[in-house]
Amino acid sequence: MTSTLILGGARSGKSAHALRLAEASGRRPAMIATAQALDAEMAERIARHRAERGARWRTLEAPLDLPAALAQIAAEEIAVIDCLTLWVSNLMLAERDVARETAHLLEAMREKELLLVANEVGLGIVPENALARRFRDEAGRVNQRVAAAADHVVFIAAGLPLTLKAPTIS
Amino acid sequence: MTSTLILGGARSGKSAHALRLAEASGRRPAMIATAQALDAEMAERIARHRAERGARWRTLEAPLDLPAALAQIAAEEIAVIDCLTLWVSNLMLAERDVARETAHLLEAMREKELLLVANEVGLGIVPENALARRFRDEAGRVNQRVAAAADHVVFIAAGLPLTLKAPTIS
Amino acid sequence: MTSTLILGGARSGKSAHALRLAEASGRRPAMIATAQALDAEMAERIARHRAERGARWRTLEAPLDLPAALAQIAAEEIAVIDCLTLWVSNLMLAERDVARETAHLLEAMREKELLLVANEVGLGIVPENALARRFRDEAGRVNQRVAAAADHVVFIAAGLPLTLKAPTIS
């Protein structure tokens, strides 16, 4: 079982890259979506993405409890978590302890065939807003911890992957 | 004929890298500038850049119509488009359809020896301003489409290029 | 004597990477810290970092005068400068000439075993604040000049290094 972290900016093509890898794996694909349909626009967007993926994909909604969603992924499936950074934002809004939730995620990741999508958000100017600074710190820490646990890590820019980490052949 | 997309942040050295590649090509260089002299400071900056490039370079100004500028590039020339991200901003201000204009650009790129400079703008915190978010999305989509069409793509940080895409030797 | 520039975003793991490289070098490590204890929170953070590094490390505080700090580094030591981007911010607040100070730094870097940590801050949306835009430009220029002078340059994302520059084996 292998896990791959796909890191990139907004509109870098990271979700599309994850979908292509899942489709190419030959396994039954499952989307674990962290987005919440909080308004009509968001609900419409979620429905459109689901339609675009097609009937082969099943979708699990997990704005907060990623370990529970991962527990439902079968051995013959491959899951895409899209995305970790929105999950961090959801955890902060719900006043959860991001470090502890991340430890549970790392535990639940084991023994699953998994693609995790995350935003890199720390490469701009320091945000003036204190909450945005805290979010940037939390998201960066989660990315580091998941990257350390993952077998593969790629950075995507303009739809093209750069390998940051690859399994060593032994 | 080959096209190269040079992607990077603000003050990453991406324009200087494009100029060096153009100078080293042995071809007659042309600058297709998307900046507009909307005020005295900008006019002075444009004039200074033109003087720095020197008399070997010809300059075409194309804030909106890149395909018309590319149509003027001869077979023995090499053109630098600097930069695509400002072009996206100009198109949005002029209320043009960015997706359609990008399709025309991709068509016009063929059969030209071309270096395209673009900013990666999606690696910071989500902007609070809705127009900035839309700009970030449009710029990211243009980068993906141009990267898919280009023969080479490099990402520049601190003046140093990382190869994202290189032609396959056949 | 070799110098390495470690470039990355906020919470990318760049400081931890520099500390690990210094520890692994076998040399006596020195931290040249550019942070200033301007308030109680900052003083507490600086003290905590110093305690975490342990007694093997000596610490020099150099918010402005990096060349004077480098002059104190002995031949058998390895120094970590953490970080250049905060130094640029300190210079701007003190109304120093960043380009001139950078020239002095490049001179002082020679003949020292050195790890320099810097933030990449130019990969987000153009800041609305004029001072933030000037800071972004100054920080980017410093990164380019130090990268040109350094023997090694790495870009860190999610704790993982990508090589931007490596010495040529001769």
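## Helix 2 in chain B

Which residue follows helix 2 of chain B, and what is the sign of its phi? That residue is B:Gly54, and its phi is positive, near 90 degrees. Keep in mind as you look around that this is a predicted model.

At the other end, where helix 2 of chain B starts, B:Asp39 gets involved: one of its side-chain oxygens comes to within 3.3 Å of the backbone nitrogen of B:Glu41. The length of the helix checks out too. Helix 2 of chain B covers residues 40-53, and at 1.5 Å a residue those 14 residues should span 20 Å; the end C-alpha atoms are 20 Å apart, so expectation and model agree.

## The annotated histidine in chain A

If you're hunting for the active site, UniProt puts that feature at A:His49, though the entry is unreviewed. You'll find A:His49 in helix 2 of chain A, which runs over residues 40-53. Is A:His49 buried, partly exposed or exposed? Its relative accessibility is 32%, so A:His49 counts as partly exposed, since the partly exposed class lies between 20% and 50%.

## How the chains are related

Turn chain A by 120 degrees, with 0.0 Å of shift along the rotation axis, and it superposes on chain B with an RMSD of 0.0 Å. That is what a three-fold axis does. In chain A, the C-alpha nearest the axis belongs to A:Gly124, at 2.5 Å.

Chain B goes onto chain C by a rotation of 120 degrees, again with 0.0 Å of shift along the axis and an RMSD of 0.0 Å. Within chain B, B:Gly124 is the residue that comes closest to the rotation axis, its C-alpha lying 2.5 Å away.

## Where chain B meets chain C

Interface size is often quoted as the accessible area lost when the parts come together. For chain B and chain C, about 1600 Å² is buried between them, with 69% of it on carbon and sulfur atoms. Three residues, B:Arg11, B:Ala158 and B:Leu160, provide 39% of the area chain B buries against chain C, more than any other three residues. As for head count, chain B brings 22 residues to the contact and chain C brings 18 residues.

## A buried glutamate in chain C

C:Glu77 sits in strand 4 of chain C, residues 77-82. With a relative accessibility of 1%, C:Glu77 counts as buried, because the cut-off for that class is under 20%.

So what does the side chain of C:Glu77 make a polar contact with? The partner is the side chain of C:Arg58, at 2.7 Å. Setting aside neighbours within four places in sequence, the residues in contact with C:Glu77 also include C:Arg27, C:Arg28, C:Ala30, C:Gln72 and C:Glu113.

Conventions. Residues numbered from 1 in each chain as written. Chains lettered and ligands numbered in written order. Predicted model: local features only at pLDDT ≥ 70, side-chain atom pairs only at ≥ 80, totals over all residues. Heavy atoms only, no water. UniProt positions renumbered as here; feature names shortened; annotations may be inferred. Helix = DSSP H or I, 4+ residues; strand = E, 2+ residues; numbered from the N terminus. Buried < 20%, exposed > 50% of the residue type's maximum accessible area, 1.4 Å probe, protein only. Least-squares fit on C-alpha atoms with pLDDT ≥ 70 in both. Expected span 1.5 Å × (residues − 1). Polar contact = N/O pair within 3.5 Å; in protein donor to acceptor, adjacent residues only side chain to side chain. Contact = heavy atoms within 4.5 Å. Buried area = accessible area lost by both parts, 1.4 Å probe.
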